[in-house]
Amino acid sequence: MFEALSSKLNGVFDRLRRRGALNETDVAEALREVRVALLEADVALPVVKELTNKVRDRAIGQEVIRSVSPAQQVIKIVNDALVEALGGGEGDTGQRGLDLNAPSPVPILMVGLQGSGKTTTSGKIALRLRARDRKKVLLASLDVHRPAAQLQLEQLAGRAEVTSLPIIAGQSPLEIAARAMDVARRELYDVVILDTAGRLAIDEALMAEVAAVKAATKPHETLLVVDAMTGQDAVNTARAFQDKVGVTGIVMTRVDGDARGGAALSMRAVTGAPIKLLGAGEKLDALEDFHPDRIASRILGMGDIVSLVEKAAETIDKAEAEKLAAKMQKGLFDLEDYAKQLQQIGKMGSLSGILGMLPGVGKIKAQLEDANLDTKILKRQAAIIGSMTPKERRTPDIIKASRKRRIAAGSGATVQEVNRLLKQFDDMSAMMKRMNKLGQKGMMRGGLA
Ligand code: GDP
């Protein structure tokens with residue numbers, strides 16, 4: 001559901017990445033674009049403001065990790081702010097997934113507008129609780145306004161292979177709810193899912209009915225079902241239900257459609273209630289847990305860039321990296337430095353592992369794996385450099401045929417491998433010189449990311 005937002009943000013970050021070093025103006029410009037992208041995705045204005053302010057403060061206050069591109073640093077900051085907006089920040093105690101931690105039978109009350117997917121979601125939850133969690137589930141429809149709704153739930157119960165409360169015509173919602181709880185207690189059900197009447201729009205009378213059912217059954221979870229496709233309306237609906245009835249969590253349906261995603265991003269901030277589940281299709285098994293961090297990286301289309309930045313921050317010796325960067329800029333980068341860089345990369349784990357965390361490199365990664373270019377190659381190159389004399393490392397130009405043979409023999413490599421390493425180093429030095437001419441800074445970035 002986040003495709004459009006995702007591609008907009010990616011455009012912003014691509015431009016940022018091409019800049020290399022960043023100044024405050026670059027960051028401000030990128031932030032302005034992020035803000036427009038969020039607004040276009042229908043994210044509520046106060047949420048957009050809070051999010052962009054947070055990113056600005058952090059981006060400017062934060063020391064950029066030299067070895068990772070500053071653009072990625074900004075992306076990481078945006079990512080963290082998104083996770084927080086989605087309710088996944090550190091210290092956010094919002095319960096993820098359903099909370100069934102109560103004496104049986106645990107009542108779950110389903111509320112929401114008509115057509116939001118409430119009845120379907122009741123069936124989905126019933127199926128999951130029975131099949132995955134081995135719970136004994138009773139489904140009951142309290143919709144006395146539309147008899148078809150009761151039949152629909154009965155059918156869904158059949159498909160989910162759980163029991164539904166026998167329909168007795170003429171009973172009030174409160175009577176049905178009481179009967180459901182009674183049956184559940186006597187027949188030792190673990191969970192009772194009470195599907196309330198839908199409404200086409202926020203309607204005081206129906207709202208009062210739901211509130212009365214809630215007061216009588218004291219549900220452990222009151223789940224509001226909203227349709228992601230309705231955007232800002234979904235947020236307004238949620239606010240109304242939160243005020244009038246009080247909900248413990250939100251289920252967002254139709255995330256399989258092309259909803260712009262703004263509702264998901266606004267929900268937590270506007271209602272205070274966490275999104276707990278996502279409905280991603282009409283089938284009964286199309287129910288997903290809501291993971292703020294995964295949603296954020298889906299929005300950013302970032303693969304696992306976040307882990308990469310964290311890993312780089314953990315493993316890269318900053319002082320060493322600064323020294324190297326300075327040497328590169330002066331064109332003094334030699335094989336000794338190259339060996340050090342290999343070591344740093346080695347510390348971060350396998351090369352294909354690192355590449356796997358980068359967005360859009362699936363193809364390159366496969367090629368590399370084909371060529372078996374991985375830690376093995378890094379280690380071999382380090383060994384080749386290891387059998388050079390210090391003079392050879394500082395001035396690789398002196399390495400001619402006989403030295404090559406000696407180095408190859410000393411490191412258990414072939415002369416071709418020594419050639420390949422020297423060629424690679426030459427190419428790298430040439431590229432650095434070119435980039436220095438262009439006046440760009442921070443060569444390590446080119447080496448790692
Ligand atoms: P209710 O009136 O709130 O109970 O809504 P229903 O459960 O009857 O759902 C209305 C329509 O939306 C049905 O055709 C469902 O199959 C469909 N629906 C429900 N959830 C989803 C979902 O997550 N994705 C898609 N694509 N359709 C859904």
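## Around the ligand

Helix α5 (residues 118-131) supplies the largest share of the shell around the ligand, three residues. Keep in mind as you explore that this is a predicted model. The shell has 18 residues, and those that come nearest to the ligand are Gly 117, Lys 118, Thr 119, Thr 120 and Gly 279.

What kinds of residues make up this shell? Polar ones number 12, while four are charged and two are nonpolar.

## A stretch named in UniProt

An unreviewed UniProt entry lists residues 274-287 under "domain: SRP54-type proteins GTP-binding". In the model, this span is 43% strand and 0% helix. Its end C-alpha atoms lie 16 Å apart.

## Helix α7 and its two faces

Now let's turn to helix α7, which covers residues 173-186. How far should its 14 residues span? At 1.5 Å a residue, the expected value is 20 Å, and the end C-alpha atoms are indeed 20 Å apart, so the two agree.

Look next at which residues of α7 are buried: Pro 173, Ile 176, Ala 177, Ala 180, Met 181 and Ala 184. Because they cover an arc of only 130 degrees around the axis, they sit on the same side of α7. Several elements cover these buried residues, including the strands β1 (106-112), β2 (137-141) and β4 (191-195), along with helix α8 (204-217). On the face turned away from the buried side, you can find the exposed residues Asp 182, Arg 185 and Arg 186.

## Two residues with positive phi

Just after α7 comes Leu 188, a residue in the loop between α7 and β4. Although Leu 188 is not a glycine, its phi is positive, about 55 degrees. Is Leu 188 buried or exposed? It counts as exposed, because it has 9 C-beta neighbours inside 10 Å, and a residue is exposed if that number is 12 or fewer.

Arg 134 is another residue to look up, and you will find it in the loop between α5 and β2. Arg 134 is not a glycine either, yet it has a positive phi of about 55 degrees. With 8 other C-beta atoms within 10 Å, Arg 134 is exposed.

## A cis peptide bond

One last stop is the peptide bond from Ser 104 to Pro 105. This bond is cis, and its omega is near -10 degrees. Where does Pro 105 sit? It belongs to the loop between α4 (70-85) and β1.

How values were computed: Residues are numbered from 1 along each chain as its sequence is written. This is a predicted model: local features need pLDDT of at least 70, side-chain atom pairs count only at pLDDT 80 or more; totals for chains, interfaces and linings use all residues. A residue is near a molecule or strand if its C-beta atom, placed from the backbone, lies within 6 Å of it. Helices (H or I, at least four residues) and strands (E, at least two) are DSSP runs, numbered from the N terminus. Ala, Val, Leu, Ile, Met, Phe, Trp, Tyr, Cys and Pro count as nonpolar, Asp, Glu, Lys and Arg as charged, and the others, Gly among them, as polar. UniProt positions are given in the numbering used here, feature names are shortened, and annotations may be inferred rather than shown by experiment. The expected span of a helix is 1.5 Å times one less than its number of residues. A residue is buried if 20 or more other C-beta atoms lie within 10 Å of its own, exposed if 12 or fewer, and partly exposed in between; C-beta atoms are placed from the backbone. The arc is that of the directions from the helix axis to the C-beta atoms. Two residues are in contact if their C-beta atoms, placed from the backbone, lie within 7 Å.
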